[in-house]
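Dear colleague,

Please find below the structure that I am handing over to you. My notes on it follow directly after.

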Amino acid sequence: MRKKIGFIGAGNMGSAMIKGIIANGLASKDEVIASCHTQETKERLSAELGIEMTLDNKEACDADVLFFAVKPAVLPGVAAEVKDALTTEQLIISVAAGFDLKKLHAILGDELHIVRTMPNTPAMVGEAMSALCADDKISDEQKQQALGLFNSFGKAEFVDEKLMDAVTGVSGSSPAFIYMIIEAMADAAVAEGMPRKQAYIFAAQSVLGSAKMVLETGKHPGELKDAVTSPAGTTIEGVAALERDGMRAAMIDAVRTAAKKSKEMQSK
(Lines give C-alpha, C1' and ligand atoms only; values in the text may rest on other atoms or scores of the structure.)
Protein backbone atom coordinates (compact mmCIF):
# COMPACT_ATOMS: atom_id res chain seq x y z
CA MET A 1 0.00 0.00 0.00
CA ARG A 2 1.35 3.41 -0.94
CA LYS A 3 2.32 5.47 2.08
CA LYS A 4 1.59 9.13 2.71
CA ILE A 5 5.17 9.94 3.75
CA GLY A 6 8.43 8.10 3.13
CA PHE A 7 11.88 8.69 4.57
CA ILE A 8 15.14 7.49 3.09
CA GLY A 9 17.27 7.72 6.19
CA ALA A 10 16.02 7.81 9.77
CA GLY A 11 18.95 9.05 11.82
CA ASN A 12 18.66 11.72 14.51
CA MET A 13 17.27 14.35 12.14
CA GLY A 14 14.98 11.99 10.26
CA SER A 15 13.61 10.49 13.47
CA ALA A 16 12.99 13.95 14.91
CA MET A 17 11.04 14.98 11.82
CA ILE A 18 9.00 11.78 11.86
CA LYS A 19 8.09 12.30 15.53
CA GLY A 20 6.95 15.87 14.86
CA ILE A 21 4.90 14.93 11.83
CA ILE A 22 3.10 12.15 13.69
CA ALA A 23 2.65 14.13 16.92
CA ASN A 24 0.96 16.95 15.02
CA GLY A 25 -1.40 14.64 13.16
CA LEU A 26 -0.01 15.27 9.69
CA ALA A 27 0.26 11.51 9.20
CA SER A 28 -0.59 8.48 11.28
CA LYS A 29 2.04 5.91 12.17
CA ASP A 30 0.74 3.48 9.57
CA GLU A 31 1.03 6.16 6.87
CA VAL A 32 4.80 6.58 7.32
CA ILE A 33 7.63 4.36 6.13
CA ALA A 34 11.38 4.84 6.56
CA SER A 35 14.46 3.01 5.39
CA CYS A 36 17.66 2.34 7.34
CA HIS A 37 20.90 0.39 6.96
CA THR A 38 20.88 -2.43 9.51
CA GLN A 39 18.45 -4.93 10.97
CA GLU A 40 19.33 -3.72 14.46
CA THR A 41 18.41 -0.13 13.56
CA LYS A 42 15.26 -1.33 11.84
CA GLU A 43 14.06 -3.13 14.96
CA ARG A 44 15.02 -0.29 17.30
CA LEU A 45 13.32 2.46 15.27
CA SER A 46 10.26 0.33 14.55
CA ALA A 47 9.76 0.00 18.30
CA GLU A 48 10.66 3.63 19.04
CA LEU A 49 8.67 5.32 16.27
CA GLY A 50 5.90 2.77 15.74
CA ILE A 51 6.18 3.02 11.95
CA GLU A 52 7.02 0.57 9.20
CA MET A 53 10.79 0.30 8.71
CA THR A 54 12.58 -1.28 5.76
CA LEU A 55 16.11 -2.04 4.64
CA ASP A 56 15.07 -1.38 1.03
CA ASN A 57 15.38 2.30 -0.01
CA LYS A 58 13.17 1.70 -3.03
CA GLU A 59 10.37 0.45 -0.80
CA ALA A 60 10.46 3.76 1.09
CA CYS A 61 9.99 5.59 -2.23
CA ASP A 62 6.41 4.36 -2.56
CA ALA A 63 5.02 7.48 -0.86
CA ASP A 64 3.30 10.74 -1.78
CA VAL A 65 5.96 12.81 0.00
CA LEU A 66 9.52 11.47 0.06
CA PHE A 67 12.27 12.82 2.31
CA PHE A 68 15.93 12.27 1.49
CA ALA A 69 17.34 12.50 5.02
CA VAL A 70 20.75 10.95 4.40
CA LYS A 71 24.27 12.33 4.81
CA PRO A 72 25.49 14.38 1.84
CA ALA A 73 28.31 11.94 1.11
CA VAL A 74 25.91 9.07 0.46
CA LEU A 75 23.17 11.00 -1.35
CA PRO A 76 24.54 10.47 -4.90
CA GLY A 77 24.74 6.72 -4.38
CA VAL A 78 21.25 6.54 -2.89
CA ALA A 79 19.91 8.72 -5.71
CA ALA A 80 21.34 6.36 -8.33
CA GLU A 81 19.79 3.42 -6.49
CA VAL A 82 16.23 4.79 -6.30
CA LYS A 83 16.03 7.18 -9.26
CA ASP A 84 13.88 4.83 -11.34
CA ALA A 85 11.34 4.61 -8.50
CA LEU A 86 10.66 8.36 -8.37
CA THR A 87 7.72 10.03 -10.14
CA THR A 88 6.51 13.53 -10.96
CA GLU A 89 3.46 12.87 -8.77
CA GLN A 90 5.60 12.97 -5.64
CA LEU A 91 6.81 15.87 -3.55
CA ILE A 92 10.48 15.19 -2.90
CA ILE A 93 12.20 16.92 0.03
CA SER A 94 15.98 16.94 0.45
CA VAL A 95 17.63 17.57 3.82
CA ALA A 96 21.18 16.99 2.52
CA ALA A 97 23.55 19.92 2.94
CA GLY A 98 25.71 20.96 0.00
CA PHE A 99 23.20 20.05 -2.72
CA ASP A 100 21.43 22.96 -4.38
CA LEU A 101 18.35 22.51 -6.53
CA LYS A 102 20.42 22.26 -9.71
CA LYS A 103 22.49 19.40 -8.27
CA LEU A 104 19.40 17.70 -6.86
CA HIS A 105 17.65 17.75 -10.22
CA ALA A 106 20.82 16.47 -11.89
CA ILE A 107 21.03 13.37 -9.69
CA LEU A 108 17.31 12.71 -9.15
CA GLY A 109 15.55 13.92 -12.30
CA ASP A 110 14.88 17.17 -14.14
CA GLU A 111 11.09 17.04 -14.01
CA LEU A 112 10.67 16.05 -10.38
CA HIS A 113 9.09 18.34 -7.78
CA ILE A 114 11.91 18.98 -5.33
CA VAL A 115 12.14 21.19 -2.24
CA ARG A 116 15.59 21.84 -0.80
CA THR A 117 15.62 22.31 2.96
CA MET A 118 17.94 23.05 5.85
CA PRO A 119 16.58 22.29 9.32
CA ASN A 120 18.83 22.47 12.36
CA THR A 121 19.49 20.10 15.24
CA PRO A 122 16.90 21.61 17.65
CA ALA A 123 14.44 19.61 15.53
CA MET A 124 15.24 16.86 18.03
CA VAL A 125 13.33 18.81 20.70
CA GLY A 126 10.66 20.17 18.35
CA GLU A 127 12.27 23.61 18.01
CA ALA A 128 13.99 23.57 14.62
CA MET A 129 14.46 26.62 12.45
CA SER A 130 14.15 25.33 8.90
CA ALA A 131 14.77 27.10 5.61
CA LEU A 132 13.09 25.82 2.45
CA CYS A 133 13.57 26.77 -1.18
CA ALA A 134 12.12 25.58 -4.47
CA ASP A 135 12.01 26.38 -8.16
CA ASP A 136 9.01 27.04 -10.40
CA LYS A 137 8.19 23.34 -10.69
CA ILE A 138 6.73 23.51 -7.18
CA SER A 139 3.13 24.71 -6.82
CA ASP A 140 1.86 26.99 -4.05
CA GLU A 141 -0.08 24.02 -2.69
CA GLN A 142 3.10 21.94 -2.48
CA LYS A 143 4.91 24.81 -0.77
CA GLN A 144 2.21 24.97 1.88
CA GLN A 145 2.37 21.22 2.29
CA ALA A 146 6.12 21.35 2.84
CA LEU A 147 5.80 24.25 5.29
CA GLY A 148 3.19 22.36 7.26
CA LEU A 149 5.48 19.36 7.61
CA PHE A 150 8.46 21.42 8.77
CA ASN A 151 6.39 23.58 11.11
CA SER A 152 5.44 20.36 12.91
CA PHE A 153 8.90 20.22 14.51
CA GLY A 154 9.71 23.92 14.85
CA LYS A 155 9.44 26.98 12.63
CA ALA A 156 9.97 27.09 8.88
CA GLU A 157 10.09 29.67 6.11
CA PHE A 158 10.74 29.68 2.38
CA VAL A 159 13.77 31.72 1.34
CA ASP A 160 15.43 32.54 -1.95
CA GLU A 161 18.00 29.86 -2.69
CA LYS A 162 20.78 32.45 -2.80
CA LEU A 163 20.19 32.98 0.95
CA MET A 164 20.84 29.35 1.91
CA ASP A 165 24.49 30.09 2.73
CA ALA A 166 23.35 32.83 5.10
CA VAL A 167 20.90 30.32 6.60
CA THR A 168 23.83 27.98 7.24
CA GLY A 169 25.44 30.62 9.43
CA VAL A 170 22.44 32.10 11.22
CA SER A 171 20.57 28.87 12.01
CA GLY A 172 22.33 25.80 10.64
CA SER A 173 25.65 26.26 12.46
CA SER A 174 24.60 28.71 15.15
CA PRO A 175 23.29 26.20 17.72
CA ALA A 176 26.96 25.35 18.33
CA PHE A 177 27.71 29.03 18.94
CA ILE A 178 24.81 29.29 21.39
CA TYR A 179 25.95 26.17 23.24
CA MET A 180 29.34 27.84 23.67
CA ILE A 181 27.62 30.94 25.07
CA ILE A 182 25.59 28.81 27.50
CA GLU A 183 28.74 26.98 28.57
CA ALA A 184 30.60 30.26 29.12
CA MET A 185 27.72 31.73 31.15
CA ALA A 186 27.65 28.60 33.28
CA ASP A 187 31.43 28.71 33.76
CA ALA A 188 31.11 32.25 35.07
CA ALA A 189 28.33 31.22 37.46
CA VAL A 190 30.47 28.34 38.71
CA ALA A 191 33.31 30.80 39.27
CA GLU A 192 30.88 32.77 41.43
CA GLY A 193 30.08 29.68 43.50
CA MET A 194 27.04 28.13 41.77
CA PRO A 195 27.00 24.31 41.35
CA ARG A 196 27.73 23.25 37.75
CA LYS A 197 24.45 21.43 37.11
CA GLN A 198 22.42 24.33 38.43
CA ALA A 199 24.50 26.84 36.43
CA TYR A 200 23.64 25.08 33.15
CA ILE A 201 19.94 25.22 34.00
CA PHE A 202 20.03 28.92 34.81
CA ALA A 203 22.05 29.76 31.70
CA ALA A 204 20.06 27.60 29.26
CA GLN A 205 16.66 28.72 30.55
CA SER A 206 17.74 32.36 30.30
CA VAL A 207 18.69 31.85 26.64
CA LEU A 208 15.44 30.01 25.96
CA GLY A 209 13.33 32.70 27.62
CA SER A 210 15.15 35.52 25.87
CA ALA A 211 14.65 33.91 22.47
CA LYS A 212 10.97 33.42 23.23
CA MET A 213 10.65 37.11 24.14
CA VAL A 214 12.05 38.10 20.72
CA LEU A 215 9.70 35.75 18.86
CA GLU A 216 6.52 36.38 20.83
CA THR A 217 6.73 40.13 21.46
CA GLY A 218 7.94 41.04 17.99
CA LYS A 219 10.11 43.73 19.57
CA HIS A 220 13.59 44.56 18.33
CA PRO A 221 16.26 42.74 20.36
CA GLY A 222 17.84 46.11 21.14
CA GLU A 223 14.59 47.35 22.66
CA LEU A 224 14.35 44.23 24.83
CA LYS A 225 17.98 44.67 25.86
CA ASP A 226 17.32 48.30 26.84
CA ALA A 227 14.40 47.21 29.01
CA VAL A 228 16.78 45.12 31.14
CA THR A 229 19.56 47.71 31.44
CA SER A 230 18.68 50.00 34.33
CA PRO A 231 20.76 53.20 34.81
CA ALA A 232 23.95 52.51 36.77
CA GLY A 233 22.84 48.90 37.23
CA THR A 234 24.44 45.49 36.93
CA THR A 235 23.27 44.70 33.39
CA ILE A 236 24.71 47.79 31.73
CA GLU A 237 28.07 46.97 33.29
CA GLY A 238 27.90 43.49 31.78
CA VAL A 239 26.82 44.89 28.41
CA ALA A 240 29.78 47.29 28.47
CA ALA A 241 32.10 44.37 29.20
CA LEU A 242 30.74 42.43 26.22
CA GLU A 243 31.26 45.45 23.98
CA ARG A 244 34.85 45.86 25.22
CA ASP A 245 35.54 42.19 24.56
CA GLY A 246 34.12 42.31 21.02
CA MET A 247 31.15 39.97 21.48
CA ARG A 248 29.16 41.41 18.55
CA ALA A 249 32.12 41.32 16.19
CA ALA A 250 32.97 37.75 17.21
CA MET A 251 29.42 36.52 16.59
CA ILE A 252 29.14 38.33 13.26
CA ASP A 253 32.45 36.81 12.23
CA ALA A 254 31.36 33.31 13.28
CA VAL A 255 28.10 33.45 11.30
CA ARG A 256 29.77 34.92 8.21
CA THR A 257 32.64 32.42 8.37
CA ALA A 258 30.16 29.54 8.45
CA ALA A 259 28.29 31.08 5.50
CA LYS A 260 31.58 31.48 3.59
CA LYS A 261 32.41 27.80 4.15
CA SER A 262 28.95 26.87 2.89
CA LYS A 263 29.59 28.82 -0.32
CA GLU A 264 32.90 27.03 -0.78
CA MET A 265 31.19 23.65 -0.34
CA GLN A 266 28.54 24.55 -2.91
CA SER A 267 31.15 25.47 -5.51
CA LYS A 268 32.81 22.02 -5.40
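Which residues of strand β2 lie on one side and which on the other, and are they buried or exposed? Strand β2, residues 32-35, places V32 and A34 on one side and I33 and S35 on the other. These residues are all buried, and both faces of the strand are thereby covered. Please note that the model is a predicted one.

The neighbours of β2 may be described in turn. Strand β1, which spans residues 3-8, runs parallel to β2 and is joined to it by four bridges. Within this pairing, F7 is found opposite A34 of β2. Between the two strands the chain passes through helix α1, residues 12-23, in a right-handed β-α-β crossover.

Strand β3, residues 52-54, is likewise parallel to β2, with three bridges between them. Here S35 has T54 of β3 opposite it. A right-handed β-α-β unit is formed by β2, helix α2 (residues 39-49) and β3.

Further along the chain is helix α8, which comprises 18 residues, from 174 to 191. The distance from its first C-alpha to its last is 26 Å, close to the 26 Å expected at 1.5 Å a residue. Its buried residues are S174, P175, F177, I182, A186 and A189. In general, residues three or four places apart in an α-helix point the same way, because there are 3.6 residues a turn. After α8 comes G193, which has a positive phi, near 110°.

Yours sincerely

Methods:
Residues are numbered from 1 along each chain as its sequence is written. This is a predicted model: local features need pLDDT of at least 70, side-chain atom pairs count only at pLDDT 80 or more; totals for chains, interfaces and linings use all residues. Side-chain values use heavy atoms; hydrogens and water are left out. The expected span of a helix is 1.5 Å times one less than its number of residues. Buried means under 20% relative accessible area, exposed over 50%, partly exposed in between (1.4 Å probe, protein chains only). Two strands pair if DSSP finds at least two bridges between them. A crossover is right-handed if, with the strands pointing away from the viewer, the path from the first strand over the helix to the second runs clockwise.
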